[in-house]
Amino acid sequence: MDFNILIGGPQGGGIDTAANLVGKAVATSGYGVLSVREYHSNIKGRHSYTHMRVMDKQPRSLKYPVNIFVALDPDTIFEHLDDVSEVSTVLYDKTTEDYDLQAARMIMRDTSVKIRRILTENGFETTIRGALGYMKKRGARLLPIPFSDIATQAVPDGTPSRYYNTIGAAITLAIIGIDRKFADDAISYIFKGKQQVVEENVKVVDASYKFAEDSKVAGKTLPALPTPRKLLLTGNDASALGKLLGGLRFQTYYPITPASDESTTIEEHQNIKWLDKEAANLKKGGVVIVQTEDELSAVNMAIGGALTGVRSATATSGPGFSLMAEGLSFAGMDEVPLVVTFYERGGPSTGLPTRNGQSDLLFALNAGHGEYPRIVFSSGTVDECIYDAAKALNYAAKYQMPVIHLIDKNLANTLDLISKVDLDRIKIETVKLAKEGDDVKRYDLNTDNGVSPYTTMGRNIFWMTGDEHDELGHVTEDSDIRDRMMEKRFKKLETADREIPIDEKAVLIGEKEADITFVTWGSQKGPILDVIEDLKEEGISANLLYLKMFSPFPTEFVKNVLSSANLVIDVESNYTAQAAQMIKLYTGIDIKNKILKYNGRHMTEDEILKSAKEILNKESLMVVLEDGS
């Protein structure tokens, strides 16, 4: 079983509810589901969609063309003309066939021009009827849905359009073959506490399944599989959970996409009931979440929280991180254990505020004036986000420096089904505290590893300043002290490099010898692992050098892997191949072959596979991916 699904409609039109209904029903019936939410940056109206994959194992990537295409409004048909083929079934409202592209006011002007060109060049009128004809020419099967009739039949006194998303989701589940009782259970979960809404939507589900059966598009009901306890989480959710388990006690944020979801999730779920062993402690301690007036306040307040001795963090995206640069320098100078969860999106400036990007890697490595040590690392799967968020808090506390945890927007908005959290993998590491007393050498130079005994406000008297300082924290411009302090601070990074296990910095996945060695970081991990399996079926061997940590950089490991590799292909979601730049800087190895994507949309298995073959056949050195609406 392998279904790729696209559900699209207007922003604010219930797309998330439809996707959650499908995801929850599939997951509880024992099958695997993965989805990515792509949404427009306006509040309401413009086109948004969810791209999903349902399998009898847990998916790691998404593919085009889709098998089931659900259009909850006519604009969705226009927006995804080329995402279907002979494997696709298109579900659409049959009353919209006369809808003209000119009336689609919510489609961006540039997109509308492109759609008009595609239809006219292929001899089709610029209406939904013409767009459907184009899709049919590409091999798609058309399935007109009487949305209003189904809704009215199920809920005679209701507003039909309120139930279109449930209808689309339910017919999708019927086509896949998911037993309707799992759809009903999902409705009860999604609308918990709203009994009338639950009852109405269950009736809509039943009517939708009946339509699918009468139309002979319903698949054979799949048997329910064993369902060990799992979690259906986004990357935002996972990072929030990891911070809670890692001992977070104070987090600041200023609202910004896609970072805000993490803080609101922590606020809503700081007492995790299913963690029996930890729940009492979490309830007793709690987490303070503060929405600040701006990002300058957010970073400085988080620094203040860390100075009281609690594990402290902030979360932001590119524009907000820009404002935090001065605060980061202060944290670096004063050796503050601060965590910044940096959700990357398309820039520069406001750029693509709700779209994917990995163009902030070099910025994270260099943000702030002057030179100071920092740990910069990234996650590539939802599961990793949990454990990495906890590690970030440990790194900060142990090495007394800023830690920047990179999560790209694609991963932040990926919904993944993961196994129950392994609590044994999460340890809250203790910190060496200075002895209590009036004066403490907060910046003691006489250490083997550069890490001075830590102290907090209220425990000792100590001085803090943004200026260079002596061991007590007093301002100094003495040249000898300056040299020794700079060396002490950077010795901590050398210590971190030595102590952090290599598998937390970089991993070679697959056989050491291969025809192709992919290099990537972040959310391309899953798609590339699937591409490796696809290539294997064609007799081509491949492996993956998966980078996680960029400061300190795993120089020798990366050099050893790449120096013996045959064909190396770098895969990133940015224009300038920033990870490849880091590799060249630290190892001298210049990766010529690249697969890059910077249009803000997620990478898919099929486009990476096609591009890798082009490079293997020497048709190109660099391929720029353009898929996505």
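Just after helix α14, E335 takes a positive phi of about 55°; helices here are DSSP runs of H or I with at least four residues, strands are DSSP runs of E with at least two, and both are numbered from the N terminus. The model is a predicted one, in which local features need pLDDT of at least 70 and side-chain atom pairs count only at pLDDT 80 or more, whereas totals for chains, interfaces and linings use all residues. Residues are numbered from 1 along each chain as its sequence is written, and side-chain values use heavy atoms, with hydrogens and water left out.

Helix α14 itself covers residues 325-333 and is mostly covered, seven of its nine residues being buried. Buried denotes a relative accessible area under 20%, exposed one over 50%, and partly exposed the range in between, with a 1.4 Å probe and protein chains only. The buried residues of α14 are A325, G327, L328, S329, A331, G332 and M333. They pack against α12 (295-307), α13 (318-323), β11 and α18 (479-499), where contact means heavy atoms within 4.5 Å.

Strand β11, one of these partners, leads to a sheet. This open sheet has seven strands in the order β9-β8-β10-β11-β13-β12-β20, with mixed pairing; two strands count as paired if DSSP finds at least two bridges between them. Because β9 (288-291) and β20 (549-551) stand at the edges with a single partner strand each, one side of each is left without a neighbour in the sheet. On average, neighbouring strands of the sheet are turned by 20° against each other, direction ignored. Axes for such angles are lines fitted to C-alpha atoms, for helices over the stretch in contact, and angles run from 0 to 180 degrees between N-to-C directions.

Within this sheet, β11 (residues 338-344) and β13 (residues 403-408) run parallel and are joined by six bridges. V340 stands opposite I404 in β13. Helix α10 (residues 260-268) lies across β8 (248-253), β9, β10 (311-317) and β11, and runs at about 140° to β8.

Another parallel pair is formed by β21 (residues 567-572) and β22, with four bridges between them. The bridge partner of I569 in β22 is N593. In a regular strand the side chains alternate between the two faces of the sheet. Both faces of β22 (residues 593-596) are covered, since N593 and I595 on one side and K594 and L596 on the other are all buried.

A further buried position is G235, with a relative accessible area of 0%. G235 lies in helix α9 (residues 235-245). Leaving aside residues up to four places away in sequence, G235 touches Y343, V382, C385, L411, A412 and T414. The C-alpha atoms of G235 and C385 are separated by 6.3 Å, although the two residues are 150 residues apart along the chain.

The protein chain as a whole has 22 helices and 23 strands. Its radius of gyration, taken over C-alpha atoms, is 26 Å, close to the 25 Å that the globule rule (2.2 Å times the number of residues to the power 0.38) gives for 629 residues, so the chain is as compact as a globular protein of that length. Buried residues make up 59% of the 629 residues. Of the contacts with a separation of 6 or more, 75% are between residues 24 or more positions apart.
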